[in-house]
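Hi,

Here is the structure I promised to send over. Have a look at it first, and then read on for what I found.

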Amino acid sequence: MSAVHDTRAEALERVLCGMSSIAVAVSGGVDSLTLGSFAHRRLPGRVAMFHATSPAVPPEATARTRDLAAREGWALEIIDAGEFARQDYRANPVNRCFFCKTSLYGAIAPRTTAQVVSGTNTDDLGEYRPGLEAAREHGVRHPFVEAGIAKAGVRALARTLGLAGVAELPSSPCLSSRIETGIAIHPDMLAAVHAAERLVDAALSPRTVRCRVRAAGAVIELDAETLACTERVRRDALAGQVAQLFAQRGIELAVGFAPYRTGSAFLVRELRTAGAA
């Protein structure tokens, strides 16, 4: 462990030790899994984990959380945050994440008296994240932020904890983030998005794949290298298969391919970027 990383880990431990008991909101991604593992090992008996399932959470994230909980001996509670019962969430406004996190933290609060914490890191502060406002309203703390740890530091910490698989997990926001702002979110649509990404991943083994649903149709976004190496005839065949996955759920969409862009279904972000250019 480098001296810099060691200092950050010590800072994180000081932050956590200042809490009498901790409830970690675990999404199943690298940040929250690493925070949960670090907290559980440093403060045994004082940490509980909460993982919410919903149509927006890939089953792999839940399976990953359950598996790590079993190996690490976590006290894990699986809950339904109930965000799909909220019309303001399903309408998919620009601040959809606010309603998602409000539901999540509101579901955790009655189940524990511990300090609720999230895996937010310092890199997240430079992005538009309405969920942070929900966290503030619910008194949720962000230990990585308080300790000055960015994404790279989280991955390095995971490696020192012996969680190599967790450390290399790609970023994977919830499935609802694939739906263009303003298009209503439905469980069947998210199931089709997930099935499409799994299909393309199995066929091409890309570094990154996202299935976006936009007003003009569905778009399979791939990292530049994979997109360049995939022949047109192969893309057309996969597009047909993806269209069929949506059609099986009563959704008729044209399907195309495009280079991967972070948050490209988030229209306000695109407009801000264009305005700044």
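Below are my notes on one sheet and the helices that lie across it.

Keep in mind that this is a predicted model.

Let's start with the sheet. It is an open one, made of 3 strands in the order 5-6-7, with mixed pairing. Strand 5 (209–214) and strand 7 (255–259) sit at the edges with a single partner strand each, so one side of each has no neighbour in the sheet. On average, neighbouring strands are turned by 30° against each other, direction ignored.

Strand 5 and strand 6 (residues 217–222) run antiparallel and are joined by 6 bridges. If you want a pair to click on, Arg-210 has Glu-221 in strand 6 as its bridge partner.

Now the helices. Helix 10 (residues 187–204) lies across strand 5 and strand 6, at about 145° to strand 5. Helix 12 (residues 232–247) lies across strand 5, strand 6 and strand 7, and runs at about 120° to strand 7.

I spent some time on helix 12. Its 16 residues reach 22 Å from the first C-alpha to the last, close to the 22 Å expected at 1.5 Å a residue. Which of its residues are buried? They are Arg-235, Leu-238, Ala-239, Val-242, Leu-245 and Phe-246. Looking down the axis of helix 12, these buried residues fall within an arc of 115°, so they line one face of the helix. What do they pack against? The partners are helix 10, helix 11 (224–229), strand 5, strand 6 and strand 7.

Cheers

Key: Residues numbered from 1 in each chain as written. Predicted model: local features only at pLDDT ≥ 70, side-chain atom pairs only at ≥ 80, totals over all residues. Heavy atoms only, no water. Pairing = 2+ DSSP bridges. Helix = DSSP H or I, 4+ residues; strand = E, 2+ residues; numbered from the N terminus. Axes fitted to C-alpha atoms, helices over the stretch in contact; angles between N-to-C directions. Contact = heavy atoms within 4.5 Å. Expected span 1.5 Å × (residues − 1). Buried < 20%, exposed > 50% of the residue type's maximum accessible area, 1.4 Å probe, protein only. Arc of directions from axis to C-beta.
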